[in-house]
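Q: Could you walk me through how to read aromatic rings in a protein model?

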Amino acid sequence: MAAPRNRVRRPVGSHSLNRRSISTRDLHTSRDVSSRDEAEEARRVQLVEVTIDSLAEVGYVGTTLAVIARRAGVSAGLVAHYFGDKDTLLSAAFRTLARSLAARMRARLALAHTPRARVQAVIDTNLAPEEFDRRSGTAWLAFWGQVLHVEGLMRVQTAYQRRMLSNLRSDLRKLLPAAEAKSLAAMIAAMIDGVYLRAALSDWREADSASARALLTAFVDERLKDLGPAAHAAPERAARARRAHLRVVNPATGAVLAELPADGPAQIDAAVARAQAAQRAWAAASGAERGRVLQRAARLLRERNDELAHLETLNTGKPISETRTVDVASGAECLEYYAGLAAGLAGEHLNLGPAAFGYTRREPLGVVAGIGAWNYPLQIACWKSAPALACGNAMLFKPAELTPLTAVKLEEIYREAGLPAGLFQVVQGEAETGALLTRHALIRKVSLTGSVGTGKAVMADAAASLKQVTLELGGKSPLIVFADAKLDNAVSGALLGNFYSAGEVCSNGTRVFVHRSIRAEFVARLRARTARLRVGDPLDPETQVGALISAEHLEKVLGFIARGRAQGARLLTDGTRVTSGELARGYFVTPAIFDNCRDDMDIVRQEIFGPVLSVLEFEDEEEVVARANGTEFGLAAGVFTNDLTRAHRVIARLEAGTCWINHYNVTPIELPFGGVKMSGLGRENGRAAIEHYTQLKSVYVAMGDVDSPY
Ligand code: NDP
């Protein structure tokens with residue numbers, strides 16, 4: 001979901017510094033680590049990362065000190081100076097991988113508040129999409145192959161396994177007798193290794209993160225239902241665990257905002273029944289009537305703009321300057337747009353000659369589901385519910401477990417606007433609750449905003465009941481700046497397309513291709529304006545960059561920044577966690593601009609979803625189009641040029657669903673929004689969304705007698 005609407009914003013960096021804000025330039029100068037220590041540490045990190053790269057590409061035997069030295073562009077003596085021998089270096093690299101996995105695990109466990117959710121956290125961490133990344137996956141495999149022979153590796157492996165098993169055992173013991181808990185923990189660990197090994201040995205074709213997690217989740221659910229002497233007690237306990245409480249946290253402070261019960265099968269079934277009952281009358285109402293309800297809801301949204309923006313900021317960590325001007329307004333605009341279209345929904349009349357005519361009826365699908373991501377909670381709820389309701393459907397909406405609050409407010413607003421009960425219901429929960437929606441036989445469609453892995457899982461689950469799907473997924477979009485572009489506009493586009501909402505925007509133009517002749521000037525201006533960005537308390541109206549959504553996500557973003565440096569990109573700005581003052585309580589990262597990037601770097605290939613911008617240089621149009629398209633994603637793209645014909649020629653060749661010429665990330669409701677390739681299916685917004693929330697009925701009408709051969 002792209003962030004800003006087409007509205008004028010104050011220029012970046014035009015405010016004076018205040019107590020809670022911190023500019024990235026200040027952070028640069030105030031660091032207490034000496035530059036020498038930093039250089040040493042950076043060198044160590046670089047050598048470790050190069051080792052992981054080498055293991056992934058040429059395996060254990062091919063990874064020698066000499067090879068690592070050559071790849072890192074240093075002497076073999078220097079590598080030996082830092083690490084001694086090959087085994088010590090490999091142990092350090094293995095420890096790095098294991099530590100970062102353990103940190104991700106801790107972050108997930110901290111968010112899980114029931115034993116079942118904690119078991120799931122272990123599964124989800126070990127089988128997360130980044131572990132199925134060919135680079136880290138193949139490196140893990142190379143390490144495993146040597147664990148029995150190298151003592152240092154064995155120590156790391158044993159420590160990691162022991163911790164994982166003890167986490168699993170201690171949580172499972174709360175659900176099962178000790179012996180069964182122990183055996184199930186061992187089985188889960190073995191299955192994680194097995195699924196992973198199979199994926200690696202099939203060259204990552206036979207398993208992916210989402211299906212591996214789904215497999216293990218189903219296995220654990222099944223075991224918790226059936227196990228031995230606890231067979232009678234366990235299902236109850238498991239059911240209780242499923243109806244867990246979501247703990248909602250303010251990512252800027254770590255404070256708990258609310259606790260909400262998660263919905264399980266019984267609640268979903270009841271919600272579907274209520275929705276079905278209400279939907280028939282709603283579908284029979286005139287479009288104009290439905291439009292009037294949406295109009296009233298839009299008006300209430302606008303009246304409550306500041307209150308809703310405040311709540312959204314508390315829950316997402318996004319600056320109040322954004323939520324007050326964009327999030328609620330974008331939702332209201334969407335409701336107004338579909339309110340206008342509702343009365344005009346129509347089929348066609350078809351002339352079939354003198355003896356017959358035909359017509360089509362555009363009918364609602366029935367009960368549909370919306371599942372949202374955490375970056376634009378209210379906006380996503382509006383973007384899905386407005387067309388669904390305008391077309392005569394009922395919608396069950398599940399917000400992301402991290403950001404469930406404003407969708408509840410939207411439900412209240414719809415009721416206050418006169419929407420009959422049951423037509424828009426918010427259900428709460430984690431992925432499990434989402435899956436209950438996508439697998440429900442009576443739900444006719446699911447619209448998801450989320451990651452590619454979740455998109456695949458949702459589509460697979462929807463297949464059983466042949467549900468329609470709309471998938472708004474991730475991206476790694478190109479923003480191309482030609483030599484004749486108006487430079488300041490292009491820099492503004494790059495800032496909007498990378499640092500708005502702390503970079504947590506799916507359509508961000510994170511691969512910024514700049515023509516060689518203007519790169520130096522572009523980078524200088526970009527850097528200067530980024531240094532003035534104010535990272536601060538999201539509730540402070542002066543703040544321009546707020547908090548990332550969670551500790552786990554922070555860890556992921558910082559990991560990418562470390563890998564960017566290790567793989568040879570030049571970090572031009574700070575790009576670190578804020579660890580001083582009040583902001584240290586939250587998940588704040590200062591913007592990172594990388595120069596000297598290559599297309600094969602992780603920061604250039606993978607979606608980061610944080611404030612990390614990569615500058616890539618190009619020479620000619622043909623080359624940049626090929627490189628821009630060289631990704632599995634295809635959500636968005638932007639071109640900055642003053643050459644009219646080139647702008648349209650290039651846009652026509654870019655493989656992306658949503659494009660901008662001389663702007664970036666503006667998303668007026670009138671324009672359909674969505675992706676191609678792995679970035680999704682279907683469109684939100686515009687008239688296009690109507691196609692996705694209705695089905696056609698064709699009617700043949702005979703005007704004469706039936707001419708029958710029988
Ligand atoms: P996820 O894919 O992790 O989650 C999205 C939603 O799906 C959440 O509500 C989640 O529940 C739910 N979910 C997870 N697994 C399942 C499942 N198996 N069945 C049904 N529902 C499930 O995405 P994030 O919330 O982490 O959001 C970030 C991602 O979303 C990024 O990749 C980003 O690019 C993408 N995105 C795409 C946009 C677009 O319009 N194209 C806009 C915004 C974000 P839970 O919260 O409990 O995990």
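Here is a short chat about rings, charges and surface patches in this predicted model.

Q: How many aromatic pairs does a search of the whole structure find?
A: Two rings count as a pair if their centres lie within 6.5 Å. Searching the whole structure turns up nine aromatic pairs.

Q: How are the rings of tyrosine 337 and tyrosine 338 arranged, stacked or edge-to-face?
A: Look at the angle between the planes: over 60 degrees counts as edge-to-face. Here the planes of tyrosine 337 and tyrosine 338 sit at 90°, with the ring centres 4.9 Å apart, so this pair is edge-to-face. Tyrosine 337 and tyrosine 338 are both buried, too.

Q: And what about tryptophan 374 and phenylalanine 609?
A: Their ring centres are 5.3 Å apart and their planes are at 80°, so you can call that pair edge-to-face as well. The pair joins distant parts of the chain, 235 residues apart. Tryptophan 374 is in the loop between strand 6 and helix 16, while phenylalanine 609 is in the loop between helix 23 and strand 16. Tryptophan 374 and phenylalanine 609 are both buried.

Q: Which residues form one aromatic cluster?
A: Try finding Phe397, Tyr414 and Phe424, which form one cluster.

Q: Where does arginine 563 lie?
A: Arginine 563 is over the face of phenylalanine 560, 4.8 Å from the ring centre. Likewise, arginine 44 lies over the face of phenylalanine 83, at 5.9 Å from the ring centre.

Q: Which residues form a nonpolar patch on the surface?
A: That's Leu350, Leu352 and Tyr700, with about 320 Å² of accessible area together. Leucine 350 belongs to strand 4 and is partly exposed, at 35% relative accessible area.

Conventions. Residues are numbered from 1 along each chain as its sequence is written. This is a predicted model: local features need pLDDT of at least 70, side-chain atom pairs count only at pLDDT 80 or more; totals for chains, interfaces and linings use all residues. Side-chain values use heavy atoms; hydrogens and water are left out. Rings of Phe, Tyr and Trp (its six-membered ring) pair if their centres lie within 6.5 Å; planes under 30 degrees apart count as stacked, over 60 as edge-to-face and the rest as tilted. Buried means under 20% relative accessible area, exposed over 50%, partly exposed in between (1.4 Å probe, protein chains only). Helices (H or I, at least four residues) and strands (E, at least two) are DSSP runs, numbered from the N terminus. A charge sits over a ring if NZ of Lys or CZ of Arg is within 6 Å of the ring centre and within 35 degrees of the ring normal. Patches are made of residues with over 30% relative accessible area and no salt bridge: like charges are joined within 9 Å, nonpolar side chains (Val, Leu, Ile, Met, Phe, Trp, Tyr) within 5 Å. Accessible areas come from the Shrake-Rupley method with a 1.4 Å probe; for residues, only the protein chains shown count as cover. A salt bridge is a side-chain nitrogen of Lys or Arg within 4 Å of a carboxyl oxygen of Asp or Glu.
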